[in-house]
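Colleague: I would like to go through this chain with you. Could we begin with the general picture and then turn to particular residues?

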Amino acid sequence: PMTALLLAPASGIAALARPALGGHKVAASRRRLEQQPVSLAVAFDGGVLAAITPAALGRDAASASVCAGAAWMWVAFWSKLAADGRIQPNLSRKIIHTGSAPLFMLCWPLFSPAPSAPILAGAVPLLQIIRLYRAGRAQPAQPTPVGAAEADDTADLVKAISRSGSRSEALGGPFLYTLVLLVATVLGWRSPAAAVAIFQMAVG
C-alpha cells in the first residue's frame with residue numbers, strides 16, 4: 001500500500017486528501033461563526049437562525065429583563081434625587097447621560113452568543129425610547145391615584161434629563177441618544193466600532 005501511494009499520481013493524492021481538508025475547513029468556519037459578533041444582517045441568515053436554541057433564547061430573554069430593570073432603576077434613582085432637590089438637575093442629566101450607555105454595555109456579556117442576543121438586547125433601549133416618547137407627549141394627569149403617580153414619575157424624569165424642564169426636551173437629545181444606542185446594539189453587536197461609538201457618545 002505504501003508503494004502504491006508513493007507511485008500514485010499527484011492528482012490522486014490530492015483527491016484522497018480533499019475530504020480531510022474539507023472537514024478542517026468546515027470546522028474552521030464553524031469556529032469563526034461562533035467567535036464573530038452576530039449582527040442583525042447575520043441573524044436573519046437562514047442557516048444561523050438554526051443556532052437559536054431554547055436555552056439561548058431563555059438566557060437572552062432573562063438577560064434583557066435584568067438589563068431593563070437595572071436601566072429603569074438607574075434612571076429612576078437619579079430622577080428622584082433631582083426631583084427632591086438633593087442634586088441639581090444639571091448634575092443628574094450629566095450622570096444619566098455619561099453612565100447609561102457604558103453601564104448597558106457592561107450587561108452585554110450576560111447574553112448568549114446566539115443570534116437572538118442583539119435583538120433581545122435591543123429591547124432595553126427600545127423600552128427607554130417608548131418611555132421618553134410618552135414623557136415628551138404626556139397629557140395632563142388623570143384624577144386617579146394611578147394617573148397621578150404616572151404623572152409624577154414622568155415629571156421626575158423630565159426634570160432629571162432636561163435643561164429647562166420642558167417635556168419637549170425628552171424628544172430631543174435624550175431620545176436621539178437612546179436611538180443611537182438601539183441602532184449600535186442591534187447592528188453592531190459586540191463590535192469594536194459600536195463600542196467606540198457608544199463611549200464617544202456617552203462622554204461627548
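Modeller: The discussion below goes from the overall fold to a pocket and then to single residues. Please keep in mind that this is a predicted model.

Colleague: Understood. How many helices and strands does the chain have?

Modeller: The chain has eleven helices and zero strands.

Colleague: And what share of the residues is buried?

Modeller: Of the 204 residues in the chain, 34% are buried. The chain exposes about 12200 Å², and 69% of that area is supplied by carbon and sulfur atoms.

Colleague: What about contacts over long stretches of sequence?

Modeller: If one takes the contacts between residues at least 6 apart in sequence, 75% of them join residues at least 24 apart.

Colleague: Let us change topic. How much space lies in the largest pocket?

Modeller: The largest pocket holds about 620 Å³ of space. Its lining consists of 26 residues, and those nearest the centre are I96, H97, S100, Y177 and T178.

Colleague: Which helix supplies the largest share of that lining?

Modeller: That is α6, with six residues. Helices α5, α6 (89–106), α8 (123–136), α9 (145–161) and α10 each supply at least two residues.

Colleague: How does the lining divide into nonpolar, polar and charged residues?

Modeller: There are 17 nonpolar residues, six polar and three charged in the lining of the largest pocket.

Colleague: You mentioned α10. Which of its residues are buried?

Modeller: The buried residues of α10 are F175, Y177, T178, L181, L182, A184, T185 and V186. Two of these, Y177 and T178, are also among the residues nearest the centre of the largest pocket.

Colleague: What span should α10 have, and what does the model give?

Modeller: Helix α10 covers residues 173–187, which is 15 residues, so at 1.5 Å a residue the helix should span 21 Å. Its end C-alpha atoms are 21 Å apart, in agreement with that value.

Colleague: What follows α10 in the chain?

Modeller: A loop lies between α10 and α11 (192–203), and R190 is in that loop. R190 has a positive phi of about 60° although this residue is not a glycine.

Colleague: Is R190 buried, partly exposed or exposed, and why?

Modeller: R190 counts as partly exposed because its relative accessibility is 31%, and that class runs from 20% to 50%.

Colleague: Now to α5. What can you say about S63?

Modeller: S63 is found in helix α5, residues 54–83. S63 counts as buried because its relative accessibility is 7%, and the cut-off for buried is under 20%. Beyond its neighbours within four places in sequence, S63 is in contact with L110 and F111.

Colleague: Which residues does L120 contact?

Modeller: L120 lies in helix α7, residues 116–121. Neighbours within four places in sequence aside, L120 is in contact with L57, D60, A61, A64 and F111. F111 is thus listed as a contact of both S63 and L120.

Colleague: How far apart are L120 and A61?

Modeller: They are 59 residues apart along the chain, and their C-alpha atoms are separated by 6.4 Å. L120 is partly exposed, at a relative accessible area of 25%.

Colleague: One last residue: is G136 buried or exposed?

Modeller: G136, in helix α8, is buried, with a relative accessible area of 17%. Leaving out neighbours within four places in sequence, G136 is in contact with R167, A170 and L171. From G136 to G172 the C-alpha distance is 9.1 Å, with their positions 36 residues apart in sequence.

Notes. Residues are numbered from 1 along each chain as its sequence is written. This is a predicted model: local features need pLDDT of at least 70, side-chain atom pairs count only at pLDDT 80 or more; totals for chains, interfaces and linings use all residues. Side-chain values use heavy atoms; hydrogens and water are left out. Helices (H or I, at least four residues) and strands (E, at least two) are DSSP runs, numbered from the N terminus. Buried means under 20% relative accessible area, exposed over 50%, partly exposed in between (1.4 Å probe, protein chains only). Contact means heavy atoms within 4.5 Å. The expected span of a helix is 1.5 Å times one less than its number of residues. On a 1 Å grid over the protein atoms alone, a cavity is a set of points where a 1.4 Å probe fits but cannot get out, and a pocket is an open set with protein on both sides within 12 Å along at least five of seven lines; lining residues have an atom within 4 Å of a point. Grid points are joined across faces, edges and corners, and a volume is the space filled by probe spheres set on the points. Ala, Val, Leu, Ile, Met, Phe, Trp, Tyr, Cys and Pro count as nonpolar, Asp, Glu, Lys and Arg as charged, and the others, Gly among them, as polar. Accessible areas come from the Shrake-Rupley method with a 1.4 Å probe; for residues, only the protein chains shown count as cover.
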